[in-house]
Amino acid sequence: MKTALVTGATSGIGEACVRAFAAAGWRVIGTGRREDRLQALCDELGADVFHPCVFDVRDEAARDRALEGLPEAFAGIDCLVNNAGLALGLTDAQEADLDDWRTMIDTNVTALVSMTHKLLPGLIARKGAIVMLSSVAATYPYTGGNVYGGTKAFVRQFALGLRSDLSGTGVRVTSIEPGMVETEFTTVRNGGDQAASDALYAGVNPLTGQDIAEMVLWVASQPPHVNINAMEVMPVNQSFAGFKVARET
Ligand code: NDP
Ligand code: 8X3
């Protein structure tokens, strides 16, 4: 029985990954700050299948305590799903809140790098897999995407760079790059404004957390000689817009 660690398991894509991996016969460690949600997953899936780890990914000491306290059955991690992340705000850079930028960088970049570094020795020993949640925002800039897009471009490039470094170890690394997935993402981005989230997704038939979770599971379930480097995915109703042009007259 293999074990996956999914960061950001309290909601959206991460929560769906927990269910998908558990249904496929994996043990799953789920992390997040909202203990009640992790406990609910544990109640649903059973303590022999799901182990909750409550910590803020930016708090390395809390993370290390949680990892050191893993039950023996969950201690060997075969797949790290680096999913925890967020966007804050959609304002132009010149009006953005620097603290929001710091929070995105600390969560989406610094914590993800640190978690990866922490688990790499074990993943190498077990010839495991790392799946990173990047975004279409890594490749396609949009107004107000500034630092969020920058963090996701980092995630994509970090994943590809890891592939290079880990050559010969048997460890597989993948960057998953979704477009619009209806989760709590847009509510969080808009400071808790559920109506803004509902308006964005209305009539779009967006991707679901489960759509992405099935891709993550598929990537992690490939035969050992197959590495999916990157996967970009959008809802059919989302596509590309043209360049914007500012006119001086
Ligand atoms: P949600 O807001 O639904 O879920 C985000 C998850 O990240 C939650 O479980 C949250 O847990 C966790 N998280 C955020 N900050 C922290 C923190 N400081 N410490 C611990 N956990 C944290 O969003 P999604 O499921 O949509 O997002 C998951 C990932 O997918 C993100 O990296 C996002 O950038 C990416 N993505 C999302 C897309 C979308 O359209 N939804 C598209 C492309 C990529 P808690 O609050 O309990 O700590
Ligand atoms: C989330 C998708 O298009 O809002 O990464 O940036 S988008």
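**Exercise 1. Work out how the lining of the second largest cavity divides into nonpolar, polar and charged residues.**

*Solution.* Start with the result: there are five nonpolar, four polar and two charged residues in this lining. Keep in mind that you're working with a predicted model.

Now put names to it. The lining is made up of Leu88, Gly89, Leu90, Thr91, Ala96, Asp97, Asp100, Trp101, Met104, Gly144 and Asn146. When you sort these, remember that Gly goes with the polar residues, while Asp counts as charged.

Next, look at where the lining comes from: α4 supplies the largest share, three residues. As for volume, this cavity comes to about 40 Å³.

**Exercise 2. Find the largest cavity and describe its lining.**

*Solution.* Begin with the search itself. Rolling a probe the size of a water molecule over the atoms shows where empty space is left. Here, two cavities of 30 Å³ or more turn up, and the largest has a volume of about 60 Å³.

Then list the walls: Thr7, Val57, Asn82, Asn83, Ala84, Thr107, Ala111, Leu112 and Met115. Helix α4, residues 98-125, gives the most here, with four residues.

Finally, sort by character. You should get five nonpolar and four polar residues, with no charged ones.

**Exercise 3. Pick out the residues around ligand 2, then say which polar side-chain atoms lie 2.5 Å or 2.6 Å from its oxygen atoms.**

*Solution.* First, collect the surroundings: Ser135, Val136, Ala137, Tyr142, Tyr148, Gly179, Phe185 and Arg189.

Second, go through the side chains. Ser135 places a polar side-chain atom 2.5 Å from an oxygen atom of the ligand. For Tyr142, the distance between a side-chain N or O atom and a ligand oxygen is 2.6 Å. Tyr148 also has a polar side-chain atom 2.6 Å from an oxygen atom of ligand 2.

Third, check the cut-off: a polar contact needs N or O atoms within 3.5 Å.

**Exercise 4. Classify the aromatic pair formed by Phe154 and Phe158, and explain how the two residues are placed along their helix.**

*Solution.* Searching the whole structure gives four aromatic pairs. One of them is Phe154 with Phe158, whose ring centres are 5.6 Å apart and whose planes differ by 20 degrees. Planes under 30 degrees apart count as stacked, so this pair is stacked.

Now for the placement. Both residues sit in helix α5, residues 146-165, and because they are four residues apart, about one helical turn separates them.

To finish, is Phe154 buried, partly exposed or exposed? Its relative accessible area is 33%, so Phe154 is partly exposed.

Terms used
Residues are numbered from 1 along each chain as its sequence is written. Chains are lettered from A and ligands numbered from 1 in the order in which they are written. This is a predicted model: local features need pLDDT of at least 70, side-chain atom pairs count only at pLDDT 80 or more; totals for chains, interfaces and linings use all residues. Side-chain values use heavy atoms; hydrogens and water are left out. Rings of Phe, Tyr and Trp (its six-membered ring) pair if their centres lie within 6.5 Å; planes under 30 degrees apart count as stacked, over 60 as edge-to-face and the rest as tilted. Buried means under 20% relative accessible area, exposed over 50%, partly exposed in between (1.4 Å probe, protein chains only). On a 1 Å grid over the protein atoms alone, a cavity is a set of points where a 1.4 Å probe fits but cannot get out, and a pocket is an open set with protein on both sides within 12 Å along at least five of seven lines; lining residues have an atom within 4 Å of a point. Grid points are joined across faces, edges and corners, and a volume is the space filled by probe spheres set on the points. A residue is near a molecule or strand if one of its heavy atoms lies within 4 Å of it. A polar contact is a pair of N or O atoms within 3.5 Å; within protein, one must be able to donate a hydrogen and the other to accept it, and residues adjacent in sequence count only if both atoms are side-chain atoms.
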